[in-house]
Amino acid sequence: MPLCDARTQQKVIPVLREVVTRRRQTIPSIERRQQLVDQRLAAGYKLAAAGVVFGPGLALFTGGILNDLTNQRACTMSEHIAVLPNKQPALRVMPMPSDANQYGDIFGGWIMSQVDIAGAIAAKHRARGRVATVAVDSFVFNQPVSVGDVVSFFAEVVATGRTSIKVNVEVFAERNPDQPITVKVTEATLSYVAINQQGDKRELPPAAD
Ligand SMILES: CC(C)(COP(=O)(O)OP(=O)(O)OC[C@H]1O[C@@H](n2cnc3c(N)ncnc32)[C@H](O)[C@@H]1OP(=O)(O)O)[C@@H](O)C(=O)NCCC(=O)NCCS
């Protein structure tokens with residue numbers, strides 16, 4: 001059964017013929033196709049050869065820039081090279097990629113929360129019970145922390161009042177496992193208040209020796 005009547009076929013068939021003829025003219029012969037492939041391969045080889053010639057130069061150039069940057073960072077870091085204090089850290093953590101920005105530097109907020117936790121551990125120990133952070137007295141970020149650094153938080157009670165406890169927290173990062181260095185990255189002082197189960201301030205117990 002025809003798809004359309006004879007009059008329509010008479011109109012449509014010449015148009016279809018024309019389309020098919022044009023299409024045949026634009027389809028390259030097998031020889032022509034082989035020629036195109038050869039041309040593309042030759043262009044590819046030229047690019048590859050350019051890569052071989054320029055690649056090492058580019059690598060040296062980029063390497064030089066990276067080396068300069070690394071040296072610059074090493075120079076500024078050398079001012080902060082430190083040894084870990086000879087005491088137990090309150091906290092030791094390795095930041096993960098989810099704690100970093102797109103450049104691999106750890107968010108300041110991540111460090112601040114860890115510092116608050118480390119300080120609270122010391123304050124809770126002194127208060128022998130629950131504490132609340134009442135103030136962040138000072139906070140200095142000396143050096144960036146990177147993904148994979150082992151970060152140690154050393155907390156020390158530096159002053160106490162009737163209900164409050166002031167804690168100093170020093171933060172060190174251990175990095176470059178193949179050539180390990182320790183860098184002091186942050187220092188902060190925070191105040192905590194001893195509170196009871198209702199969240200009201202309470203007097204500190206006497207200090208244990
Ligand atoms: C902590 C809290 C119970 C203190 O109650 P308060 O009635 O305001 O207490 P006061 O003003 O009498 O201060 C209590 C102590 O904190 C000290 N303090 C208060 N504000 C301070 C500040 N900005 N910096 C340092 N110390 C401070 C006071 O000097 C006092 O110390 P002392 O008893 O040793 O002399 C109350 O402020 C609170 O619940 N704050 C919210 C805590 C919190 O949720 N922290 C988490 C933040 S996300």
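**Notebook: strands, helix 3 and the ligand shell**

Entry 1. I began with strand 4 and strand 5, which run antiparallel and are joined by 12 bridges. The model I am reading is a predicted one. Within this pairing I looked up Glu174 and found Thr182 of strand 5 opposite Glu174. I then turned to the loop between strand 4 and strand 5, where Asn176 is found. The phi of Asn176 is near 55°, which is positive although the residue is not glycine. I noted this because most residues other than glycine have a negative phi. Asn176 has 13 C-beta neighbours inside 10 Å, so I recorded Asn176 as partly exposed.

Entry 2. I next asked how the rest of the chain is laid out. I counted 3 helices and 5 strands in the protein chain. Their pattern along the sequence reads α-α-β-α-β-β-β-β. I also looked up burial for the whole chain: of its 209 residues, 19% are buried. For contacts between residues at least 6 apart in sequence, I noted that 71% join residues at least 24 apart.

Entry 3. In what order do the strands of the open sheet stand? I read the order as 1-3-4-5-2, with antiparallel pairing across the 5 strands. Strand 1 and strand 2 are at the edges and have a single partner strand each, so one side of each has no neighbour in the sheet. On average, neighbouring strands of this sheet are turned by 25° against each other, with direction ignored.

Entry 4. I went through further pairings of the sheet. Strand 1 and strand 3 run antiparallel and are joined by 3 bridges. Here I found Leu91 opposite Phe153 of strand 3. Strand 3 also pairs with strand 4, in the antiparallel sense and over 10 bridges. For Phe154 I looked up the bridge partner in strand 4, and that partner is Glu170. The connection from strand 3 to strand 4 is a hairpin through 3 residues.

Entry 5. I then followed helix 3, which covers residues 108-127 and has 20 residues. From its first C-alpha to its last I noted a reach of 28 Å, close to the 28 Å expected at 1.5 Å a residue. Helix 3 lies across strand 1, strand 2, strand 3, strand 4 and strand 5, and runs at about 45° to strand 3.

Entry 6. Which residues of helix 3 are buried? I listed Ile111, Gln114, Val115, Ala118, Gly119, Ala120, Ala122, Ala123 and Ala127. I then looked up what covers these buried residues, and the cover includes strand 1 (91-93), strand 2 (131-141), strand 3 (150-160), strand 4 (164-175) and strand 5 (181-194).

Entry 7. After helix 3 comes Arg128, which is found in the loop between helix 3 and strand 2. I noted a positive phi, near 45°, for Arg128, a residue other than glycine. Is Arg128 buried, partly exposed or exposed? With 13 C-beta neighbours inside 10 Å, Arg128 counts as partly exposed.

Entry 8. I turned to the ligand and its surroundings. Of the 13 residues around the ligand, those that come nearest are Ala132, Ala135, Gly161, Thr163 and Ser164. Which strand gives the largest share of the shell? I found that strand 2 does, with 4 residues. Strand 2 and strand 5 each supply at least two residues of this shell. Sorted by class, I recorded 5 nonpolar, 6 polar and 2 charged residues around the ligand.

Entry 9. I closed with Glu203, which lies in the segment after strand 5. Why does Glu203 count as exposed? Glu203 is classed in this way because 10 C-beta neighbours lie inside 10 Å, and a residue with 12 or fewer is exposed. Leaving out residues up to four places away in sequence, I found that Glu203 touches Arg162 and Thr163. Glu203 and Arg162 are 41 residues apart along the chain, and their C-alpha atoms are separated by 5.7 Å. I noted again that Thr163, one of the two residues touched by Glu203, is also among the residues that come nearest to the ligand.

Notes
Residues numbered from 1 in each chain as written. Predicted model: local features only at pLDDT ≥ 70, side-chain atom pairs only at ≥ 80, totals over all residues. Buried ≥ 20, exposed ≤ 12 C-beta atoms within 10 Å, placed from the backbone. Contact = placed C-beta atoms within 7 Å. Expected span 1.5 Å × (residues − 1). Near = placed C-beta within 6 Å. Nonpolar A, V, L, I, M, F, W, Y, C, P; charged D, E, K, R; others polar. Pairing = 2+ DSSP bridges. Axes fitted to C-alpha atoms, helices over the stretch in contact; angles between N-to-C directions.
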